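Biologist: I have some time at the screen today. Could you walk me through this model, starting with the inside?

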Amino acid sequence: MNVLVYTGPEVMQTSASRAISSLRSVLYPHYAVQAVSQQTLTSGPWSSSCALLVFPACRLPLPTSVASSIKSFVENGGAFLGLQAGMRAGSLLGAGGLNYSFRLQDPVSGSSLYCTFPSNEDSSPQLVPVSLRDEEVVSLLSQTKAVDFDGIERVQNARVVAHYPESKSIAAAAASVGSGNVVLWGPHLEVAISQESSGLSSDEAQTLEGRRQSMLRTTLSILGLNLPLSDPNSPLYPLPQFLLASRQGIVSHILEVLSVTVPGQFKDAHDTFSFHAAPHAETLLQQGRTANDPEEVRHIIAFTDGSYPSTNLTPRFDTAAYFIELASARGKTEHTTAPDSWSIGDALFYGEAVTSTQTLLDKNPRFLSLLPSPTLLVATHQLAGRGRGGNSWVSPTGCLQFSLRLRISLASFIAPRLVFIQYLFALAVVEACRHKGVLGERGSSVRIKWPNDVYIVGNEDSGRTTKVAGILVYTAFSGTDVDVVIGCGLNVLNPPPIASLASFAPEKKPTMERTLAILMTTFEAMWNTFIAGQGSFEPFMDLYLDRWLHSDQLVTLTTTTPHKRVRIVGITSDHGLLRTIPERGDYDGSNGFIDLQPDGNSFDLMAGLIMTKAR
């Protein structure tokens, strides 16, 4: 789920950036905190995946379209947080230059939660004492304007969240509006307390910052968010990666192709990779775990002798167990044993914490072009995971995240069919979940959301259809070849509130190592058929349509004027477009289908909407 911070033209951008930073510090890894634009808020499909909408301090009144979107979101069960009172609606005539916040009115009681504040824009920030209700512990929060919640006693279901201990006036208030919840803060709860900004001693600033974060966590709990427990072992910076293989000779061949002698370096556009021998693993990991700042170099520890690191070095992923599971999943299937050729999953880079497995490849073109195919990059934590369209992918412990590097020869492949790779991999994920080693029969609840997501249908706890995987495919043409990087994040063992495969198999949870091994072998069988057919998706089309969520689904196409109701009938076999046909009442007399592509359009097929993508 997302926590969206509004960054439209009405917002004070310093407040917005601080809000994003503060929220990420307390909500990772349960929620992805992202900025949301005015256009997306008024026309994009954001509400279904939004756990909380946050408005930083605003310097201008909101347009009616934005206010309407917020009102609908909250009344239908959404959560809203306003900082420095958040949304500004206008000025009170004859009220001494006061502005007032947007009124969030409960449709049942008719009562409204709002506040007023001075219109003076030149107020300098100052630290003011604030306490949570019924608590004597005082913190200092930054404030530029004194906000007045006068009349809150008349608001049904409203309650005081925090107050100013000296005047006993209200600093923050909460209320139920429709089916949703709202909290408005007068002071800048988003502004961190530092020694530099406060003039306090280091210890005093640290204590007060801890209290501010506690106030923020209390506020988020009031709004219904499930806060993660702090994990002191979660890495803050990238850690060394291990280069491993299913058999001896593969790692040495990779190093030879990269022209690297251990110890040695490989420099590229985005990163410098420093390769080390296996005996240095423990020292390098210890240095990485205790670092105060991220290193410029990406360390890689090469195990050239066919051995694997102990689980003391890789406590979150047992690499030896993975290769055992890989051999077991293949069974008696024949695969090559040549030192310069291997099967999918045999060559592995593993890191407990990396920036992004996808970025390590697509931002380093020379490394990508030289790295032999197939090569698998796996991470336990991604510190800057990427999804489709620039979205972030939250990657907590329990999420299986990886990038698979492949190469295709255009001499035997039809280039326009590259689009089907994302469909093929989504199908492989769904089929792997049905394997007895993952979910077995329960895997029938795992389905494809076109074009590149995987969902669990009817989560047993909530009854909701919930995303458990996302897929991102990157392609780069190099002469007569195409370099392909398939990135995937699959929630396997995530704790609540994040939906995962384990939530559907509480009596026998899948393991990370077995799930990855089964997925690699499942995809490899499909990939071999796909390449042999020059990229034809016909051998998989029937199974794909049986496994997706959208057969005969009725959706509204908002890319046309007037909007048109269409019914999904499949995908085209030539270019992988979404094929729809107008409903009888929306038929305009033209012949044929309406075919749609993901680029340039935003697909909220779960809500039944297809619209122009907000930029």
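Biologist: Which residues have the most contacts inside the largest nonpolar core?

Modeller: This is a predicted model, where local features need pLDDT of at least 70, side-chain atom pairs count only at pLDDT 80 or more, and totals for chains, interfaces and linings use all residues. Residues are numbered from 1 along each chain as its sequence is written, and side-chain values use heavy atoms, with hydrogens and water left out. A nonpolar core is a set of buried (under 20% relative accessible area, 1.4 Å probe, protein chains only) Ala, Val, Leu, Ile, Met, Phe, Trp, Tyr and Cys residues joined through side-chain atoms within 4.5 Å. The largest one has 81 residues, and those with the most contacts inside it are Tyr322, Phe402, Phe425, Met520 and Phe523.

Biologist: Which helix gives the largest share of this core?

Modeller: Helices here are DSSP runs (H or I, at least four residues), strands are E runs of at least two, and both are numbered from the N terminus. The largest share of the core is 12 residues, and they come from helix α11.

Biologist: Where does Pro451 lie, the residue after the cis peptide bond from Trp450?

Modeller: The Trp450 to Pro451 bond has omega near 5°. Pro451 sits in the loop between β22 and β23.

Biologist: And is Gln534 buried or exposed?

Modeller: Gln534 is in the loop between α12 and α13, and its phi is positive, near 55°, though it is not a glycine. Partly exposed is the range between buried and exposed, the latter being over 50%. With a relative accessible area of 38%, Gln534 is partly exposed.
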